[in-house]
Amino acid sequence: MSDTRRRVKVYTLNEDRQWDDRGTGHVSSTFVERLKGISLLVRAESDGSLLLESKISPSTAYQKQQDTLIVWSEADNYDLALSFQEKAGCDEIWEKICQVQGKDPALDITQDPIDESEEERFEEIPETSHLVELPPCELGHLEEIADLVTSVLSSPIRREKLALALMGEGYLKKLLGLFRVCEDLDNREGLHHLYEVVRGVLFLNKAALFEVMFSDDCIMDVVGCLEYDPALVQPKRHREFLTKTAKFKEVIPITDSELRQKIHQTYRVQYIQDIILPTPSVFEENFLSTLNSFIFFNKMEIVSMLQEDEKFLTEVFAQLTDEGTEDSKRRELVNFVKEFCVFSQTLQTQNRDAFFKTLANLGILPALEIVMGMDDLQVRAAATDIFSYLVEFSPSMVREFVMQELQQTDDDVLLINVVIKQMICDSDPELGGAVQLMGLLRTLIDPENMLASTNKTEKTEFLSFFYKYCMQVLTAPLLANTAHDKNGKDFQEGSAKINPVCPDNFQTAQLLALILELLTFCVEHHTYHIKTYIMNKDLLRRVLVLMNSKHTFLALCALRFMRRIIGLKDEYYNRYIIKGNLFEPVINALLDNGTRYNLLNSAIIELFEFIKVEDIKSLIAHIVDNFYKALEPIEYVQTFKGLMGRYEQEKDRQSQKLTRYRREARSLDEDEELWFNEDEDDDDAEALDKSRMEDDYSDDYGKYMEAKKGAANGANNGKAAPLPALPTLPPTSPPATPNNSSTSSVKTVALPASPVVKPPLVGLVDYPDDEDEEEEDEDEEEDQSPRKRPRLSS
């Protein structure tokens, strides 16, 4: 019993003035040596960790709200709150706080922080004036009461004193009773004063006053007072709306009277805040912080009470999925679930996760599949909102459901296909629902939110599933609107380019733009799957048909799709574009645009500029070979001249590369003839040492013939023989020979006695290698050590 009584939730107020849940635990008040004082300690019920350790400071202002809340500020802009499960536990801790501060536990606030100037001002006031004296609660004193309430709003301490006075002796209820008297007498002046009084009391920002004002007995009188704004010629009819127009519908009877009362109260207070009260000024926006907290905790209680009622939710989803349920009943059930999800957004992350897990276990996704297929637009819109909450909560949960669903149903009724069809069939001229659904589809197929999944194969499995069973449904409108142009000749220079295949229909154009946006996302984030699909369906050709659309935004979407493909710099895509001549519609769109300097012009030029800067050789060659004559007159940018420059550079490089591999047959014959002539001259030089010449000649002649034979074979084969030699090296000095008076370097290499002649012999059959090999060989030559260099020429 003690544990339940002391069970609390810890909240902190964030920068957006929303309460963040810090966890659930059990609170105690204990002396902490380190803090040197009595402190509030909250330990988590899950693991016993310390959620809160706060010393009860004598100068801190603590507030008790709604019998189960204690709120206080520990520092500037740092508000804390303890929400108790039971009133008894809240009372115990409140008494302890008041005991430490020496305050009366009957009060709902211990003190208000005030600035120094205000302290000095009130120090001069005699102690006898610490209470605000209220005028008699009579019709004749309404103006005086209104002036008093309005005058205290600028002083925190006077607001507190007025709040205490209003709560005494039922003064506030008596004041609201005067409203009925004034209305019966049609006393407009008195009603205007009551408007100022009630508005001022709301701005006192006290939970105890809200408990009185928003009770079942008083809340309609509060709404009535706020109808008579002095700035309005005629009063509003808010009570008529709340009692007659706004109807409370119980899709499933709510047996808990406390829950029903809480729902009514929350709706009316929310109406007061959002509809009746004017937008607060900069100086007034903090006056209603307690009202925001009042609504927040009410919603949290409603969600918790409904979630804990297992029979209620089970019955809701049973009727929602029952085929025998009438459409009108199903509509009410869907709207209830939507409101339930909206309320759940007030919960903190931990509680919201538990909430959506409960809905998933009860069968929310199969139910959505049914209601999304209904003809009722309101039902589909509500179902879309619920689906968006689920996708935002857990995309993996939705993906897992649709893949399991494949084993139990046909392709046409898969949840994702139902969502895609609803997107395609959106009747809204602005396609508001389609835009929302497209965003949800993007979230589901985004690989980024699949990476952290515990299921390592989720990405592969889901994308394979999506491209096999869903992609054809998504692209059906695109393929249908471009089907008849595949073999057409729409790209004629100077044509008006109004393609009959692209209907003059803004809504259809918007839909195709949405589909293209999603396909562009796929190109960026999916690799294998989308590439295969584009090739198999010839999808880029069909997309580029839309370059003829009179809707420029649609032509830009088609161009963006192609730009993303080219941006990948994938040669597989490049070959596909070249083979299909897919630059033609883009270039025709550029030419048709003429000299207009607009977004389409800039986007097309940026595409070609990218190709030039990235030097995508295959695309540059294709563009120059096929389209340069048409593009050459465009001189206001240098993009196309740059493409030609790149093209010529590459052509020159290839030409030089081919030249290095070629050797004219005539030059080879001349070399060989030179060798024969030199051989004859060498035969006439046999006057030298005959015995040495006979010995050496037989060896060297054999080597020479071997080299000559290799040269002949090389000439026949068109390429150099695989000889392990450097390229032709100029002789550094003539080697010593018997006859060195007038012989050439080639000759001196031919018949020496030294074996050093082998490298120059190789040079006689020099078939130059490519440029890279020459540079490597020259580097090797430069890197030769001094000890090795002389061997080449000694």
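Helices in this talk are DSSP runs of H or I with at least four residues, strands are runs of E with at least two, and both are numbered from the N terminus. The structure is a predicted model, in which local features need pLDDT of at least 70 and side-chain atom pairs count only at pLDDT 80 or more, while totals for chains, interfaces and linings use all residues. Residues are numbered from 1 along each chain as its sequence is written, and side-chain values use heavy atoms, with hydrogens and water left out.

Let me begin with helix 6. This helix covers residues 171–185 and contains valine 181; leucine 172 is found there too. I call a residue buried under 20% relative accessible area, exposed over 50%, and partly exposed in between (1.4 Å probe, protein chains only). Leucine 172 counts as buried because its relative accessibility is 6%. Valine 181 has a relative accessible area of 35%, so this residue is partly exposed. Between leucine 172 and valine 201 the C-alpha to C-alpha distance is 9.3 Å, although 29 residues separate them in sequence.

I turn next to surface patches. Patches are made of residues with over 30% relative accessible area and no salt bridge, joining like charges within 9 Å and nonpolar side chains (Val, Leu, Ile, Met, Phe, Trp, Tyr) within 5 Å. Accessible areas come from the Shrake-Rupley method with a 1.4 Å probe, and for residues only the protein chains shown count as cover. Val181 joins Leu139 and Leu185 in a nonpolar surface patch, with about 240 Å² of accessible area together.

For charges, Lys and Arg count as positive and Asp and Glu as negative, without His and the chain ends; the place of a charge is NZ of Lys, CZ of Arg, CG of Asp or CD of Glu. Asp256, Glu258, Glu308, Asp309 and Glu310 form a negative patch on the surface. Glutamate 308 lies in helix 12, residues 289–308, and counts as exposed because its relative accessibility is 64%.

Now to the salt bridges. Here the term means a side-chain nitrogen of Lys or Arg within 4 Å of a carboxyl oxygen of Asp or Glu. The whole structure holds 27 salt bridges. In one of them, aspartate 91 pairs with lysine 64, and their closest N and O atoms are 2.6 Å apart. This pair links distant parts of the chain, 27 residues apart: aspartate 91 is in helix 2 (residues 87–101) and lysine 64 in strand 5 (residues 62–65). Aspartate 91 and lysine 64 are both buried.

Another salt bridge, at 3.0 Å from N to O, joins the side chains of arginine 239 and glutamate 227. That pair also links distant parts of the chain, with arginine 239 in helix 10 (residues 238–245) and glutamate 227 in helix 9 (residues 219–227), twelve residues apart. Glutamate 227 counts as buried because its relative accessibility is 4%.

Finally, consider aspartate 538. Where does aspartate 538 lie? Its place is the loop between helix 24 (528–537) and helix 25 (539–544). Aspartate 538 forms a salt bridge with arginine 541, the closest N and O atoms being 2.8 Å apart. Aspartate 538 has a relative accessible area of 15% and is therefore buried, whereas arginine 541, at 27%, is partly exposed. Phi of aspartate 538 is near 50 degrees, a positive value in a residue other than glycine.
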